[in-house]
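Student: I have a structure open on my screen and I would like to learn how to read it. Could you walk me through it, feature by feature?

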Amino acid sequence: MSQSQPHARLHPRTIEAVKERADIVDVVGEHVVLKKKGREFVGICPFHDDKSPSMTVSPAKQFYYCFSCGAGGNSIKFLMELQRISFSEVVLDLARKYQLPVETVDGPQQERLRKQLSRREALLRALGLAAGWFRSQLRSPAGAGALAYLTQQRGLSEGTIDAFDLGYASESWDGLLKHLGQVENLSPELLEAAGLVVPRKGSDQRAASGFYDRFRHRVMVPIRDRQGRVIGFGGRSLDGGEPKYLNSPETEVFEKGKHLFGLDRASNAIRKDDQAVVVEGYFDVIALHAAGITNAVAALGTALSSQQITQLCRCCDSRRLVLNFDADGAGVRAAQRAIGSVEQQALQGQLELRVLHLPAGKDPDEFLQQHGAGEYRALLERAPLWLDWQIEQALEGKDLARSDQFQQAVAALVELLGKLPQSAVRSHYLQQVAERLSGGQARLAQKLEEDLRQQVKGERWHGRASRWEQPGEIGLRERAEAELLRLYLHAGRHRGAIRRELRQRELEDFAISHHRLLWASISELEEDNLGVGRLEAINRGSDPGDDLADLDLPRLLSDRLLVEENDLLNRLTPLLEPNELQRMALAEPLLQLRGTTAVLERQRSLKRCRHLLDAWGSQRLETLELCIARLLEESEAEANAAASLSMESRIDSMFSELNGDALRFQELYYNERRHISHLDQQRCADPMAAARLAS
């Protein structure tokens with residue numbers, strides 16, 4: 001559900017009327033050439049690179065199905081998948097198309113919805129008209145400098161400029177404001193809501209003179225949604241003024257975390273190439289498309305969000321993403337942030353993530369101008385997996401002959417490799433890293449590999465591996481996770497506190513698959529309404545998240561799951577519609593939160609204790625007698641050098657050195673036991689929760 005309609009619930013009569021009126025052959029036939037075959041129709045499937053007709057459309061069943069990629073559903077599902085818009089938006093679009101009445105649950109909401117839809121359409125119209133004005137200014141005498149910049153400095157052809165609708169914002173303070181006000185009769189307030197004008201400080205905003213154009217003396221790049229509608233702009237400074245790039249603010253139709261620049265033009269190529277290239281800037285995308293590399297998109301100044309990742313993965317079956325950010329420090333940090341946002345999916349094999357690092361610190365635009373598309377494609381084909389790239393980053397600039405830098409590199413690599421879930425992949429990378437660290441010395445590489453393996457083994461305790469699970473713990477975890485989700489859904493004003501608690505305790509990754517899917521749907525709905533940046537601020541605790549309570553999550557989730565995950569909806573109904581006893585259990589939400597999260601964290605700590613005991617027990621413990629014997633064998637010079645230390649201190653030091661790993665596992669184990677005692681005190685604070693979870 002989009003931000004512009006957060007409280008509107010479509011009446012079932014409207015949904016049923018649309019389903020009845022929207023004939024599957026008519027709907028699919030507007031986007032796919034269908035050919036009659038017996039009682040059904042066949043056509044080229046738009047959801048994959050189809051060579052021969054593999055999609056069947058059944059008028060009798062009002063259903064489509066692709067025998068090649070498995071896509072299928074009714075007419076609403078078809079438009080949702082094709083246009084990448086929500087269930088409610090599809091229903092509303094079809095209702096308008098067939099002139100069906102739009103009903104909501106009550107009368108006032110229906111009127112409010114109509115006003116919101118009307119305002120959204122007005123904003124999109126204003127943005128489209130602005131794009132046209134900017135385009136005309138580029139071809140005017142005032143835009144000669146901007147056109148020269150595009151053709152001479154950027155090397156863009158007239159065809160590319162036209163294809164991306166590039167334009168120019170004049171130096172005038174109110175050129176766009178006057179044009180859209182006088183010619184199109186659009187109010188300054190509407191233009192402000194569209195992000196096109198800015199109110200003057202301390203002025204009377206009731207008059208047009210109370211506003212001025214946001215974009216002045218800039219090359220203008222329209223930002224479009226998947227349907228090709230202009231939703232915002234990026235403006236590149238022409239006179240060195242700051243900021244170099246000025247983007248539209250977030251508005252009712254533009255949220256940076258929900259859109260990707262160029263996806264409207266790139267989706268078909270991504271599907272055909274089975275790969276998406278993600279770059280940093282608008283002109284990187286434009287240059288790549290101009291060079292024939294048309295599967296490129298750009299994030300809009302933020303780290304990749306889950307919604308952006310989902311959009312890209314839906315376009316390519318292999319879920320292969322290649323990050324090609326600038327090679328400078330800022331670009332490397334941006335790549336690291338992007339990797340962080342998709343790391344879990346990459347680790348679990350849900351997507352194939354690669355990083356293209358262009359030589360000599362160039363961005364894609366500069367590289368193409370100097371080397372051409374052929375060399376870029378060759379590098380693209382050889383782009384390393386994200387983990388290989390991060391290994392190189394951990395080693396880059398390190399003098400491994402210096403002990404401090406060697407230790408820094410080892411610590412970074414151990415932390416990185418400790419995340420890998422598959423032992424075979426871990427072994428491959430441990431061998432590779434050991435060879436790099438040894439400088440090609442085979443015997444040293446073998447010893448380093450074993451040392452790294454022991455350190456990684458100590459690092460990989462995450463508390464999630466099923467190996468350390470005991471009978472009954474899976475059921476306990478499922479009940480505890482269900483309590484947390486039920487609390488989140490029905491104790492709305494405490495949602496910010498729940499999110500902060502989950503982040504602090506590292507409990508955001510729900511272990512039960514249907515709970516994980518529900519949490520992902522909740523987060524996506526909240527990102528739709530609040531924006532990705534705000535939700536992350538709430539997780540970190542820098543935003544109280546009070547307006548999370550305004551979302552009717554049970555209703556919104558029911559609408560979404562009814563269409564997308566009907567089977568999942570059946571499993572989650574007890575969470576969405578709690579019984580009277582379960583509602584009574586919500587009387588002390590914060591107390592219940594502390595008790596339930598303590599149960600989950602305690603379970604994870606117990607698993608870590610079992611892991612540490614196993615690691616501790618597998619160590620060969622060197623005896624005190626061996627330490628004494630080694631000290632007696634020391635040369636006279638070594639003995640004189642250590643004369644300042646007592647024999648007892650020297651024995652203790654050698655014992656600690658020889659048994660470092662075992663002592664470290666021992667210390668970690670006892671620290672974990674103390675943490676469990678602390679968690680037991682928190683659990684006792686909510687005895688009712690403990691009783692419910694035990695039942």
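Tutor: We will go from the whole chain to helix pairs, buried residues and backbone details.

Student: Before we start, what kind of model is this?

Tutor: This is a predicted model. Please keep that in mind as we go.

Student: How many helices and strands does the chain have?

Tutor: The secondary structure comes to 32 helices and 16 strands. Of the 695 residues in the chain, 49% count as buried.

Student: What share of the contacts with a separation of 6 or more comes from residues 24 or more positions apart?

Tutor: Such residues account for 67% of those contacts in the chain.

Student: Now a helix pair. At what angle do the axes of α3 and α4 cross?

Tutor: For a pair of helices, look at the distance between axes, then the angle. Helix α3 spans residues 75-83 and helix α4 spans residues 87-97; their axes come within 9 Å and cross at roughly 115°. That angle makes α3 roughly perpendicular to α4, and the crossing is right-handed.

Student: Which residues meet where α3 and α4 touch?

Tutor: From α3 come I76, L79 and M80, and they meet F87, V90, V91 and L94 of α4. The residues of this contact divide into 7 nonpolar, no polar and no charged.

Student: At what angle do α14 and α15 cross?

Tutor: The axes of α14 (residues 364-371) and α15 (residues 373-381) come within 7 Å, with a crossing of roughly 125°. The two helices are therefore oblique to each other. An angle of 65 to 115 degrees counts as roughly perpendicular, which is the cut-off to keep in mind for both pairs.

Student: Which residues make the contact between α14 and α15?

Tutor: P364, F367, L368 and H371 in α14 meet A373, E375, Y376 and L379 in α15. This contact divides into 6 nonpolar residues, 1 polar and 1 charged.

Student: How do I read the sides of a single helix? Which residues of α1 are buried?

Tutor: List the buried residues, then ask where they sit around the axis. In α1 (residues 12-21), T14, I15 and V18 are buried. They cover an arc of only 100° around the axis, which puts them on the same side of α1. The face turned away from that buried side carries the exposed residues P12, R13 and E20.

Student: What covers the buried residues of α1?

Tutor: The cover includes α3 and α4, the pair whose axes cross at roughly 115°.

Student: How many residues of α16 are buried?

Tutor: Helix α16 (residues 386-395) is mostly covered, with 9 of its 10 residues buried. Among them are W386, W389 and I391. After the helix comes G397, which has a positive phi near 75°.

Student: How would I look at one buried residue? Where is V433?

Tutor: Check its element, its accessibility and its contacts in turn. V433 lies in helix α18 (residues 423-438). Its relative accessibility is 1%, so V433 counts as buried. Leaving aside neighbours within four places in sequence, V433 is in contact with I391, L413, L417 and L452. I391 is one of the buried residues of α16. In sequence V433 and E449 are 16 residues apart, and their C-alpha atoms are 7.8 Å apart in space.

Student: Is F325 in a loop or in a helix?

Tutor: F325 is in the loop between β15 (320-324) and α13 (329-347). This residue is buried, with a relative accessible area of 10%. Its contacts beyond four places in sequence include V278, V279, A334 and L356. F325 and G281 are 44 residues apart in sequence, with 8.7 Å from C-alpha to C-alpha.

Student: Which backbone details should I check? Which residues does the cis peptide bond with omega about 0° join?

Tutor: That cis bond joins E242 and P243. P243 is in the loop between β10 (230-237) and β11 (245-247).

Student: What is the sign of phi at N185?

Tutor: N185 has a positive phi of about 60°, although it is not a glycine. N185 lies in the loop between α8 (175-182) and α9 (188-193), and with 68% relative accessibility N185 counts as exposed. H217 is not a glycine either, and its phi is positive at about 50°. H217 is found in the loop between β8 (211-213) and β9 (218-224).

How values were computed. Residues are numbered from 1 along each chain as its sequence is written. This is a predicted model: local features need pLDDT of at least 70, side-chain atom pairs count only at pLDDT 80 or more; totals for chains, interfaces and linings use all residues. Side-chain values use heavy atoms; hydrogens and water are left out. Axes are lines fitted to C-alpha atoms, for helices over the stretch in contact, and angles run from 0 to 180 degrees between N-to-C directions. Helices (H or I, at least four residues) and strands (E, at least two) are DSSP runs, numbered from the N terminus. Angles under 35 degrees count as roughly parallel, over 145 as roughly antiparallel, 65 to 115 as roughly perpendicular and the rest as oblique. A crossing is left-handed if the near helix is turned anticlockwise from the far one by less than a right angle, and right-handed if clockwise. Contact means heavy atoms within 4.5 Å. Ala, Val, Leu, Ile, Met, Phe, Trp, Tyr, Cys and Pro count as nonpolar, Asp, Glu, Lys and Arg as charged, and the others, Gly among them, as polar. Buried means under 20% relative accessible area, exposed over 50%, partly exposed in between (1.4 Å probe, protein chains only). The arc is that of the directions from the helix axis to the C-beta atoms.
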